[in-house]
Amino acid sequence: MNATVRAVVRSALQNDMSVVGFKRGYNGVLMRSSTQTDDFQMMTARSVSDKIHRGGTFLMTARCLEFKNRDYQEKAVSNLRLLGVEGLVCIGGDGTFHGANALAELGFPVIGIPGTIDNDLDYTEATIGFDTALNTACDCVNRIRETSDSHERASIITVMGRNCGDIAVNTALACGAEVVIIPEKPWTVEELADQVRWGVMKGKRSMIMVFAEGAVHSLKSDVNAICSKYESLSDVSTRHLSSSQIAMMIEALSGHETRATVLGYTQRGGSPTAADRILASRLGAYAVHLLRDDQAGLAVGIRKGELINAPIHEAMHGRQSANEELLNLINELS
Ligand code: F6P
């Protein structure tokens, strides 16, 4: 995010535009805090000094559920016009893009930049933040592998991604994981237990199962039936199934010690990778060039290494399918 804001600001100033940075996303545009300085700030070249390598976002971020409401969208357009803003660059994932599309429908010039670790937007091959989250997840999995290997355990490691399995699939491939479980594919606890048993028979000292957080929704097992057979599973709650509970079920079914780790927000912080900084710089500047050339209602992205743009109403759709080639490769190499 910081690297993207830096690119937008520096490129806009170079192209003789002035820049306002809104804080906390659409909340800042709606001016929801008690003081204006807490909603937005004028940006100079120095506002974005020493930012390209920093994680998080110095402008802060927040969900703004009310922005789904037309009244709030109209209020945003009127605030922007009052401030003399002529174009808005919105950085974020599908929620941000839905908001940006609403502003475009109301006639306000917007450009969307894909900034989400989830990599779940279909029109672009990469979103800003994904590569950093992936590398962080890989680093964590490597460490967990060492513990699992020493204790001869299986590990289930939950990564983020909302309804998209991209972080999980890429982490699994890069870390040589035995199994990946994603929302795009149905799965059962019984299959996982079989794979753990099979791994033990093949002489594996540790097994890594990378679990995408959204995959709780693609579970096809009858959890109640499994739990009724094992005393150790009497506390498992089928309503809020956690990865620890999945680990307990795998352990009960396979007879092999299994532990769970949830990586959580570790994936959303940290200094961005070079690939993310480069992507952020390219997309940020490209967004400004489009606005400068009077083009709007678009989202910028990347395909085969080239900058692309797409109508924002098309860009806001999430990807539905997983990468079969990578999934097959994980199986083949495990
Ligand atoms: O969209 C990014 C993401 O980190 C998802 O991977 C995750 O499901 C979600 O945000 C977490 O949201 P929150 O910030 O509300 O915890």
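In this predicted model, a polar side-chain atom of Tyr 265 sits 2.4 Å from an oxygen atom of the ligand. Glu 213 does something similar, with an N or O atom of its side chain 2.5 Å from a ligand oxygen atom. Gly 161 uses its backbone instead: a polar backbone atom of this residue is 3.0 Å from an oxygen atom of the ligand. On its own the ligand has 400 Å² of accessible area, and the protein covers 73% of that.

Now for the rest of the shell. Besides Gly 161, Glu 213 and Tyr 265, the residues around the ligand are Arg 63, Ile 117, Asp 118, Met 160, Arg 162 and Arg 268. Sorted by class, the shell comes out as five charged residues, three nonpolar ones and one polar one. Where does the ligand lie relative to domain 1 and domain 2? Both domain 1 (2-128 + 272-315) and domain 2 (130-268) give residues to the shell, so the ligand lies between them.

The model also has pockets to look at, and the second largest one has a volume of about 290 Å³. It is lined by 16 residues, and those closest to its centre are Val 179, Val 180, Lys 185, Leu 327 and Asn 331. Which helix hands over the largest share of this lining? That is α12, with five residues. At least two residues each come from β6 (179-181), α7 (189-201) and α12 (324-333). As for chemistry, the lining of this second largest pocket splits into nine nonpolar, four charged and three polar residues.

Definitions and conventions:
Residues are numbered from 1 along each chain as its sequence is written. This is a predicted model: local features need pLDDT of at least 70, side-chain atom pairs count only at pLDDT 80 or more; totals for chains, interfaces and linings use all residues. Side-chain values use heavy atoms; hydrogens and water are left out. On a 1 Å grid over the protein atoms alone, a cavity is a set of points where a 1.4 Å probe fits but cannot get out, and a pocket is an open set with protein on both sides within 12 Å along at least five of seven lines; lining residues have an atom within 4 Å of a point. Grid points are joined across faces, edges and corners, and a volume is the space filled by probe spheres set on the points. Helices (H or I, at least four residues) and strands (E, at least two) are DSSP runs, numbered from the N terminus. Ala, Val, Leu, Ile, Met, Phe, Trp, Tyr, Cys and Pro count as nonpolar, Asp, Glu, Lys and Arg as charged, and the others, Gly among them, as polar. A residue is near a molecule or strand if one of its heavy atoms lies within 4 Å of it. A polar contact is a pair of N or O atoms within 3.5 Å; within protein, one must be able to donate a hydrogen and the other to accept it, and residues adjacent in sequence count only if both atoms are side-chain atoms. Accessible areas come from the Shrake-Rupley method with a 1.4 Å probe; for residues, only the protein chains shown count as cover. Domain bounds come from an automatic or database domain assignment.
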